[in-house]
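Student: I have a model open and would like a close look at one part of its interior. Could you take me through it slowly, and then show me how the surroundings fit in?

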Amino acid sequence: MVFGQVVIGPPGSGKTTYCNGMSQFLSLLGRKVAFVNLDPANDALPYECAINIEDLIKLSDVMSEHSLGPNGGLVYCMDYLEKNIDWLEEKLKPFIEDHYLLFDFPGQVELFFLHSNARSVINKLIKKMDLRLTAVHLIDAHLCCDPGKYVSALLLSLSTMLHLELPHINVLSKIDLIENYGNLAFNLDFYTDVQDLSYLQYHLEQDPRSAKYRKLTKELCDVIDDFGLVNFSTLDIQDKESVGNLVKLIDKSNGYIFSSIDSSAVEFSKIAAAPLDWDYYRTAEVQEKYMKDDEFAQLTSRMQ
């Protein structure tokens, strides 16, 4: 049983930075991490890839050979990967036994709420290789400063959740920079918990661009409220406590926290229903192995 994350989000949301920071953090926890770059447009990676889609197909080649733009080229690349899924499965086999997988996907959002190729690739890997994956959907936190953009981010998050059908965590990334974009109309909890969106209507009407679409925006907000699925975690990738809290949430969603537990169904139920501040380093084996490391000791003391 292999665990990992499917990292997605619009361009500029911080996916590559997230993968780099998450890898460093998971390494402190003693996990072997394998990067799987499935973004054929990302040719300047700050980390070493275990698997790189550019070994199979390059976006620049597709665009020149088929006279496609970047968006059409990315769709073509995902189609090509789906048809050559055996290549990816073969590349993954050496890492199946003891690695934690981080899949870095393209930033073209249509791939995850409209087209079926990326979803098909993920589903085939899950079924054939018994993967336990969580979709980590990054949204730039500065969108909260603009009510119209925030509603768009909510709609994108909901559409992606319904389309991928994976354990799913929406994350407001770059939360440490949000104050640089102005004051929020409400406190941060309003945006993370996605509280009553009717309160946004007044602020939307103050913007001439949004006012003419008032009825449409109201209906979209009603759809989001009716589903009641979307909420956000926050992330400052440079803050270990922030990353640690997110790791706990991810581990709970994909079942990683249960992988080393030999207990009854009652014990599993207790852990599944427990809050996120449960004793993450509860086992003597984990404490004995890692508390020898001073850096890890400092990290865990901040997380608990």
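Leaving aside its neighbours within four places in sequence, which residues is phenylalanine 103 in contact with?

Tutor: Happy to go through it with you. Please keep in mind that this is a predicted model. Setting aside the neighbours within four places in sequence, phenylalanine 103 is in contact with Gln5, Val6, Val7, Val36, Leu38, Leu92, Leu125, Leu131 and Leu133.

Several of those names come back when we look at the core. The largest nonpolar core has 37 residues, and the members that touch the most other members are Leu88, Leu92, Phe103, Phe105, Leu125 and Leu131. Among the contacts of phenylalanine 103 are Leu92, Leu125 and Leu131, which are also on that list of core members. There is a second core too, separate from this one, with 24 residues, including Ile139, Phe190, Tyr191 and Cys221.

Now for the helices around the first core. Helix α4 covers residues 85-92 and helix α6 covers residues 117-129; they pack with their axes 11 Å apart, at an angle of about 50 degrees. An angle of that kind makes α4 oblique to α6. Their crossing is right-handed. On the α4 side the contact is made by Ile85, Asp86, Leu88, Glu89 and Leu92, and on the α6 side by Val121, Lys124, Leu125, Lys128 and Met129. Sorted by class, the residues of this contact are six nonpolar, no polar and four charged. Notice that Leu92 and Leu125, both in contact with phenylalanine 103, take part in this contact of α4 with α6 as well.

Helix α6 has another partner, α3. The axes of α3 and α6 come within 9 Å and cross at roughly 30 degrees, and the two helices are therefore roughly parallel to each other. Here the crossing is left-handed. From α3 the contact takes Val75, Met78, Asp79, Leu81 and Glu82, and from α6 it takes Asn117, Ala118, Ser120, Val121 and Lys124. The classes in the contact of α3 with α6 are five nonpolar, two polar and three charged residues. Val121 and Lys124 of α6 appear in this contact and in the contact with α4.

A good residue to select next is methionine 78, which lies in helix α3. Methionine 78 counts as buried, at 0% relative accessibility. Apart from its neighbours within four places in sequence, methionine 78 is in contact with Leu38, Pro40, Ile53, Phe105, Pro106, Leu111, Asn117, Ala118 and Val121. Leu38 is also one of the contacts of phenylalanine 103, and Phe105 is one of the core members that touch the most others. Between the C-alpha atoms of methionine 78 and asparagine 117 there are 6.0 Å, with their positions 39 residues apart in sequence counted as the separation.

For comparison, try the pair α7 (residues 147-164) and α11 (residues 214-227). Their axes come within 10 Å and cross at roughly 45 degrees, which makes α7 oblique to α11. This crossing is left-handed. Val151, Leu154, Leu155, Leu158 and Leu162 of α7 meet Leu220, Cys221, Val223, Ile224 and Phe227 of α11. By class, that contact has ten nonpolar, no polar and no charged residues. Cys221, which takes part here, is also a member of the second core.

Histidine 203 is another residue to pick out, and it lies in helix α9. With 28% relative accessibility, histidine 203 counts as partly exposed. The C-alpha atoms of histidine 203 and proline 147 are separated by 6.8 Å, although the two are 56 residues apart along the chain. Beyond the neighbours within four places in sequence, histidine 203 is in contact with Pro147, Ala185 and Phe186.

Two backbone details are left for your list. Serine 67, in the loop between α2 and α3, has a positive phi of about 55 degrees although it is not a glycine. Valine 194, in the loop between α8 and α9, likewise is not a glycine and has a positive phi of about 50 degrees. Serine 67 counts as exposed at 67% relative accessibility, whereas valine 194 is buried, with a relative accessible area of 12%.

Finally, the whole chain: it has 15 helices and seven strands, and 47% of its 304 residues count as buried. Of the contacts between residues at least 6 apart in sequence, 73% join residues at least 24 apart.

Definitions and conventions: Residues are numbered from 1 along each chain as its sequence is written. This is a predicted model: local features need pLDDT of at least 70, side-chain atom pairs count only at pLDDT 80 or more; totals for chains, interfaces and linings use all residues. Side-chain values use heavy atoms; hydrogens and water are left out. A nonpolar core is a set of buried Ala, Val, Leu, Ile, Met, Phe, Trp, Tyr and Cys residues joined through side-chain atoms within 4.5 Å. Buried means under 20% relative accessible area, exposed over 50%, partly exposed in between (1.4 Å probe, protein chains only). Contact means heavy atoms within 4.5 Å. Axes are lines fitted to C-alpha atoms, for helices over the stretch in contact, and angles run from 0 to 180 degrees between N-to-C directions. Helices (H or I, at least four residues) and strands (E, at least two) are DSSP runs, numbered from the N terminus. Angles under 35 degrees count as roughly parallel, over 145 as roughly antiparallel, 65 to 115 as roughly perpendicular and the rest as oblique. A crossing is left-handed if the near helix is turned anticlockwise from the far one by less than a right angle, and right-handed if clockwise. Ala, Val, Leu, Ile, Met, Phe, Trp, Tyr, Cys and Pro count as nonpolar, Asp, Glu, Lys and Arg as charged, and the others, Gly among them, as polar.
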